[in-house]
Amino acid sequence: MARGPADPEVKAKVLEYLGKVQKAKSRDVAVAIGASKSDVDNAVKELTAEDLVEYLYITTTFICLKGKVQTPD
């Protein structure tokens with residue numbers, strides 16, 4: 001089932017939170033901003049498409065602001 005567009009308020013809160021931390025799991029972002037994990041996942045998906053957020057795969061999946069974390073080559 002396809003989800004509708006992400007809530008702009010949730011997207012703004014995700015960006016604000018990620019600006020304060022190095023990297024985070026989407027579950028932790030959801031708890032920190034008081035949103036459901038599915039709403040955060042939907043917002044992150046859109047923010048990734050907008051090239052503002054990126055996924056990091058370091059033994060597990062994290063999210064961060066685009067270019068904020070340097071990964072080893």
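Which residues of α3 are buried? Keep that in mind as you open the structure, which is a predicted model.

**Stop 1: helix α3**

Select residues 37–49, which form α3. Now colour the buried residues of this helix: Val40, Asn42, Ala43, Val44 and Leu47. They pack against four elements: α1, α2, β1 (53–58) and β2 (60–65).

Check the helix length next. Its 13 residues, at 1.5 Å a residue, should span 18 Å. The C-alpha atoms at the two ends of α3 are 18 Å apart, so expectation and model agree. The expected span uses one less than the number of residues, because that is how it is defined.

Step just past the end of α3 and select Asp51. Its phi is positive, at about 65 degrees.

**Stop 2: α1 against α3**

Add residues 8–20, helix α1. How far apart are the axes of α1 and α3? They lie 9 Å apart, and the helices pack at an angle of about 80 degrees. Angles of 65 to 115 degrees count as roughly perpendicular, and α1 and α3 are therefore roughly perpendicular to each other.

Show the side chains where they meet. From α1, pick Val10, Lys11, Val14 and Leu15. From α3, pick Asp39, Val40, Ala43, Val44, Glu46 and Leu47. By class, this contact has seven nonpolar residues, three charged ones and no polar ones.

**Stop 3: Glu46**

Stay on α3 and centre on Glu46, which sits in this helix. Is Glu46 buried or partly exposed? Glu46 is partly exposed, because its relative accessible area is 23% and buried means under 20%.

Now display its neighbours. Leaving out residues up to four places away in sequence, Glu46 touches Gly4, Pro5, Ala6 and Lys11. Draw a distance from Glu46 to Pro5: the C-alpha atoms are 8.1 Å apart, though 41 residues separate the two along the chain.

**Stop 4: the nonpolar core**

Move inward to the largest nonpolar core, which has 15 residues. Which members touch the most others? Select Val14, Leu18, Val29 and Val40. Helices α1, α2 (26–33) and α3 each supply at least two residues of this core. The most come from α3, which gives four.

**Stop 5: Leu18**

Finish on Leu18, one of the core members with the most contacts to other members. Show what surrounds it. Again leaving out residues up to four places away in sequence, Leu18 touches Ala24, Val29, Val53, Ile63, Cys64, Leu65 and Lys68. Val29 in that set is also among the core residues that touch the most other members.

Methods: Residues are numbered from 1 along each chain as its sequence is written. This is a predicted model: local features need pLDDT of at least 70, side-chain atom pairs count only at pLDDT 80 or more; totals for chains, interfaces and linings use all residues. Side-chain values use heavy atoms; hydrogens and water are left out. Axes are lines fitted to C-alpha atoms, for helices over the stretch in contact, and angles run from 0 to 180 degrees between N-to-C directions. Angles under 35 degrees count as roughly parallel, over 145 as roughly antiparallel, 65 to 115 as roughly perpendicular and the rest as oblique. Contact means heavy atoms within 4.5 Å. Ala, Val, Leu, Ile, Met, Phe, Trp, Tyr, Cys and Pro count as nonpolar, Asp, Glu, Lys and Arg as charged, and the others, Gly among them, as polar. A nonpolar core is a set of buried Ala, Val, Leu, Ile, Met, Phe, Trp, Tyr and Cys residues joined through side-chain atoms within 4.5 Å. Buried means under 20% relative accessible area, exposed over 50%, partly exposed in between (1.4 Å probe, protein chains only).
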